[in-house]
Amino acid sequence: EFGLCYLILLIVVLRHIQDPASQRLTWNKPPVNVLVIRKIRDESLVEPFKELCHFLVEEKGMLVFVERRVVADVSLTTDETFASIRNQLCTFREGYDDISHCIDLIICLGGDGTLLYASSLFQGSVPPVMAFHLGSLGFLTPFKFESYKTEVAKVFEGNAAITLRSRLKVKVVKDMLQRTEHNGLLPHGHTNSEAGNITLQMQVLNEVVVDRGPSSYLSNVDLYLDGRLITSVQGDGVIVSTPTGSTAYAAAAGASMIHPNVPAIMVTPICPHSLSFRPIVVPAGVELMITLSPDARNTCWVSFDGRKRQEIRHGDCIKITTSCYPVPSICCHDLVYDWFESLAQCLHWNVRKKQARLADDVSGSSDTEN
C-alpha cells in the first residue's frame with residue numbers, strides 16, 4: 001500500500017514538471033506599445049537607438065515609450081533628421097509616471113543593467129523582455145543588434161522561446177517587535193514579525209545583499225526560515241539571490257550557478273568567519289527573514305539589485321520570498337542553449353587548454369607514463 005501511494009505521488013510530481021521547450025511566447029493580441037530602454041551615458045548606443053525607434057515607429061507602426069532623460073540627450077535633441085521620430089515618442093519619468101499597465105513589450109539596448117532596470121519599473125506583472133547585447137558583460141542579453149529587424153519581427157509574430165526568471169519579493173520592516181523564549185511568548189528560535197512598519201516593498205531580479213557597511217566589525221545577522229532561526233551569519237555579509245542572480249555577486253562569493261528555470265532561493269555568505277559555512281539552496285516557496293543579532297556590535301546595510309541601499313538597525317527585519325511576478329525573458333535560441341552560451345562566452349566557464357592525445361604507438365607503454 002505504501003509503495004502504491006508513493007508511485008501515485010511520483011506520477012503527480014512528474015506531471016507538474018514543465019518541459020522547458022514548452023515555454024513559448026504567445027500574444028493574446030498583437031503588441032502595440034513598446035518600451036525601449038537604452039543605457040545612458042554611452043554615446044555608442046545613440047545610433048542603434050535611433051535605428052530601432054525609426055524601425056518601430058515608421059515600419060511597424062508601434063507606439064514607443066522612452067524615458068524622458070534618454071530623449072533629452074543632446075545628441076538626439078540636436079539631430080534634425082531624428083526630429084520627426086522624437087516628436088512621436090511617449091516619454092515617462094521613473095518614480096512619477098506609471099506605465100506598468102500599458103506596455104506590451106520591452107526592448108533593452110545595453111548590458112545586464114538595462115534588464116535589471118526594466119525589472120525595477122514593473123513591480124507587478126512584467127511584459128516580455130527582449131535584450132540586445134550592447135554593453136559590457138551581456139550575460140542576460142542574448143541578442144545581437146546586427147540582426148535586430150529579423151529578430152524583432154519574429155517576436156512580434158510570437159515565434160520565440162522564453163525564460164521565466166523568478167524574482168524575490170522583499171519587505172523591509174522597521175521597529176519590529178521580537179518575542180522569544182526570554183519573555184515566554186514563543187519557543188526559542190522563533191520570532192514574530194507581524195508588528196512593525198513596512199518601509200519598503202519591491203521586486204528584485206538578482207539579489208538582496210546584506211553587508212557590514214562602513215563598519216570595521218564583522219556583520220552579525222540572524223537568518224530565519226519560515227519563522228525558525230536557522231543560523232547566524234558572522235562575516236562581511238550574506239547574499240540572498242535568485243537563480244538569475246546566481247551568476248552575479250553570488251558567483252563571485254563562491255556559490256553554484258543555477259539555471260534560471262530552477263525554482264530556488266540561494267543563500268551565500270560573504271567572507272564568513274567560519275570555514276564550514278557553505279552556500280545553500282532552499283525551496284522557492286519558503287520565507288527568509290534577516291535581522292540583526294541581539295549581540296551585534298554594529299548595524300548592517302542592505303541593497304536590492306544594487307539600488308535603494310539603506311541601514312538596518314536593531315528591531316528591523318528583511319523578509320524575502322519568491323515573487324509571483326517573474327520576468328519573461330525572450331531567448332535568442334532556447335532557454336538551455338542561451339544559458340550555456342552565456343556561461344561560455346561571458347564567464348569562460350570550464351575553459352582550459354585541451355589535454356593532448358597520446359601518440360598512436362603506445363604499445364608497451366606504462367600506465368604511469370605522462
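Good morning. By the criterion applied here, the count of salt bridges comes to ten. They were identified in a predicted model, and I shall use several of them as a route through the structure.

I begin with the pair formed by Lys-149 and Glu-59, whose closest N and O atoms are 3.4 Å apart. This pair connects distant parts of the chain: Lys-149 belongs to helix H7, residues 148-157, while Glu-59 belongs to helix H2, residues 46-59, and the two are 90 residues apart. How accessible are the two partners? Lys-149 has a relative accessibility of 38% and therefore counts as partly exposed. Glu-59 is likewise partly exposed, with a relative accessible area of 46%.

The next pair takes us to the strands. Arg-309 forms a salt bridge with Asp-211, and here the closest N and O atoms are 2.8 Å apart. Again distant parts of the chain are linked, with Arg-309 in strand S17 and Asp-211 in strand S9, 98 residues apart. Is each partner buried or exposed? Asp-211 is buried, its relative accessible area being 14%, a value that falls under the 20% limit for that class. Arg-309, at 44% relative accessibility, counts as partly exposed.

A third pair consists of Asp-236 and Arg-212, with closest N and O atoms 2.8 Å apart. Both residues lie in loops: Asp-236 between strand S11 (228-235) and strand S12 (237-241), and Arg-212 between S9 and strand S10 (219-225), with 24 residues separating the two in sequence. Asp-236 counts as partly exposed at 24% relative accessibility, and Arg-212 does so at 26%. In addition, there is a network of salt bridges that links Glu-47, Lys-50 and Asp-79.

Let me now turn to strand S16. Which strands pair with S16? One of its partners is strand S9, residues 207-211, in an antiparallel arrangement with four bridges. Within that pairing, Val-208 stands opposite Phe-304 of S16. Another partner is strand S17, residues 307-312, which also runs antiparallel to S16 and is joined to it by four bridges. There, Trp-301 stands opposite Glu-311 of S17. S16 and S17 form a hairpin with two residues between them, and Asp-305 in the turn has a positive phi of about 50 degrees.

Why may S16 be described as largely enclosed by the rest of the structure? The strand spans residues 300-304, and four of its five residues are buried, so the surrounding structure encloses most of it.

The approach to S16 also deserves a comment. Asn-298 is located in the loop between strand S15 (287-292) and S16. With a relative accessibility of 12%, Asn-298 counts as buried. Which residues does Asn-298 touch, leaving aside those up to four places away in sequence? They are Arg-212, Ser-215, Tyr-217, Leu-218 and Leu-292. Arg-212 has already appeared in this talk, as the salt-bridge partner of Asp-236.

I close with the chain as a whole. It contains nine helices and 19 strands. Of its 370 residues, 47% count as buried. Of the contacts between residues at least 6 apart in sequence, 72% join residues at least 24 apart. The accessible surface of the chain comes to about 19900 Å², and carbon and sulfur atoms account for 53% of it. Thank you for your attention.

Technical notes
Residues are numbered from 1 along each chain as its sequence is written. This is a predicted model: local features need pLDDT of at least 70, side-chain atom pairs count only at pLDDT 80 or more; totals for chains, interfaces and linings use all residues. Side-chain values use heavy atoms; hydrogens and water are left out. Buried means under 20% relative accessible area, exposed over 50%, partly exposed in between (1.4 Å probe, protein chains only). Two strands pair if DSSP finds at least two bridges between them. Contact means heavy atoms within 4.5 Å. A salt bridge is a side-chain nitrogen of Lys or Arg within 4 Å of a carboxyl oxygen of Asp or Glu. Accessible areas come from the Shrake-Rupley method with a 1.4 Å probe; for residues, only the protein chains shown count as cover.
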